[in-house]
Amino acid sequence: MSDQAIELRALRKLYPAPRQRRKRRGFVPSFTPGAAGGLQATASKTGPAGEIIALDGIDLDVHEGEFFGLLGPNGAGKTTTIGILTTRVLPSGGEARVHGHDVVRDAVRVRQRIGVVPQRPNPDRGLNVHENLLFHAAYFGYSRSASSARAHALLAQVGLGERAESKVDELSGGQQQRLMIARALIHEPRVLFLDEPTVGLDPQARLALWEILRTLHGEGRTIVMTTHYMEEADRLCDRVAIVDQGTLLACDAPEALKRKAPGGTLIEITLDGDAAPLVAAARGTDGMLSAEAAGNVLRCYHPRGGEAVAMLIGVTLGAGRQVTNIHLAPPSLETLFVSLTGRKLD
Ligand SMILES: Nc1ncnc2c1ncn2[C@@H]1O[C@H](COP(=O)(O)OP(=O)(O)OP(=O)(O)O)[C@@H](O)[C@H]1O
Ligand SMILES: [Mg+2]
């Protein structure tokens, strides 16, 4: 038996070609909300028959007791990876094991060892909060009497001790997410999977959830969480895998990843049109480390961000162009992601 909690070897997943959008080999474009509320193009990798390549050969180990993050933009393959590891999605190639058990051949053993918090809370709305946990425990063979006290203890741990008799619909989004965590833990799994657990939560609810996750990690549990929030991955995870278009781009501790980020502050100047004509002038400004165009965005790295902004605005206005947005980011997981993919994460 392996001492790794999770092993992925050359893991692949193909989904059939979307019927409406069958295309020749290449990319199927889709649009997701961008950081400034605009639309940012993302692309799914496709195969010869137009099938979507959701995972394109992922190799990954998660150690026992580790808090592991899968960080990537919409469509990166995060939910597909979690789906395969939790036996809900069949892989198209390669292998995935949880505590040495193959997720396809040994699915029952895998399910006994894992708890799953899905991307969207899916409690049984016909049952109250406490009953949701008992019902789930019964599925794993625990009697009501055996699981009742544990259910109350778990509800107290996630801050729902007073809500045991409430209907699910009386809970807020954050409370429902915490109920999902309690439910995922009722059969005492060794590995907890959470798919984007804090999406849609207000900052206070997010911080409350972070505290719960830190406590669970402190108890020695292995936690695998997907997120597209860099701060979340940075603050919570022992190690982070950066995925994009079904490929693993980097995997390391957040501090080590940040050290791999390009030096200097990333300065992005959004212009009123194509940024390419300004690249040469930007490269010529004092101290500039690099400058390139990505559509309307002039993307530069400079050791002193504020100084560079002033110079770049001068260059832009001098060329008779307008600036519509400015974004600065010091070396971080964000600047690493941009340097690896040429795109922003959110
Ligand atoms: N059931 C499905 N049928 C067809 N294509 C799918 C299916 N599920 C996912 N895909 C495609 O596979 C790719 C990876 O999707 P996945 O849901 O794993 O990404 P994700 O990283 O979880 O994204 P998000 O951040 O939006 O949740 C996407 O191109 C998506 O459109
Ligand atoms: Mg997802």
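Which element gives the most to the shell around ligand 1? In this predicted model, that element is α1, with three residues. Helix α1 spans residues 78-85, and β4, spanning residues 52-63, joins α1 in supplying at least two residues each to the shell. The surroundings of ligand 1 comprise 13 residues, of which Y15, S44, K78, T79 and T80 come nearest. By class, eight residues of this shell are polar, four are nonpolar and one is charged.

At the level of the whole chain, the domain assignment gives two entries: domain 1 covers residues 4-257, and domain 2 covers residues 263-330. The centres of domain 1 and domain 2, taken over C-alpha atoms, are separated by 38 Å.

Helix packing was examined next. Two packed helices are described by the angle between their axes and the distance between the axes. Helix α3, formed by residues 129-139, packs against helix α4, formed by residues 144-157, at an angle of about 130 degrees. The axes of α3 and α4 are 9 Å apart. An angle over 145 degrees would count as roughly antiparallel and one of 65 to 115 degrees as roughly perpendicular; α3 and α4 are therefore oblique to each other. Their crossing is right-handed. On the α3 side, the contact is made by V129, H130, L133, L134 and A137, and on the α4 side by R144, S147, S148, A151, L154 and L155. Sorted by class, the contact of α3 with α4 has seven nonpolar residues, three polar residues and one charged residue.

Helix α3 also packs against helix α5, which comprises residues 173-185. The axes of α3 and α5 come within 9 Å and cross at roughly 30 degrees. Angles under 35 degrees count as roughly parallel, and α3 and α5 are therefore roughly parallel to each other. The crossing of α3 with α5 is right-handed. In this contact, V129, N132, L133 and H136 of α3 meet L179, A182 and R183 of α5. The classes represented are four nonpolar, two polar and one charged.

Residues V129 and L133 of α3 thus appear in the contact with α4 and in the contact with α5.

Definitions and conventions:
Residues are numbered from 1 along each chain as its sequence is written. Chains are lettered from A and ligands numbered from 1 in the order in which they are written. This is a predicted model: local features need pLDDT of at least 70, side-chain atom pairs count only at pLDDT 80 or more; totals for chains, interfaces and linings use all residues. Axes are lines fitted to C-alpha atoms, for helices over the stretch in contact, and angles run from 0 to 180 degrees between N-to-C directions. Helices (H or I, at least four residues) and strands (E, at least two) are DSSP runs, numbered from the N terminus. A crossing is left-handed if the near helix is turned anticlockwise from the far one by less than a right angle, and right-handed if clockwise. Two residues are in contact if their C-beta atoms, placed from the backbone, lie within 7 Å. Ala, Val, Leu, Ile, Met, Phe, Trp, Tyr, Cys and Pro count as nonpolar, Asp, Glu, Lys and Arg as charged, and the others, Gly among them, as polar. A residue is near a molecule or strand if its C-beta atom, placed from the backbone, lies within 6 Å of it. Domain bounds come from an automatic or database domain assignment.
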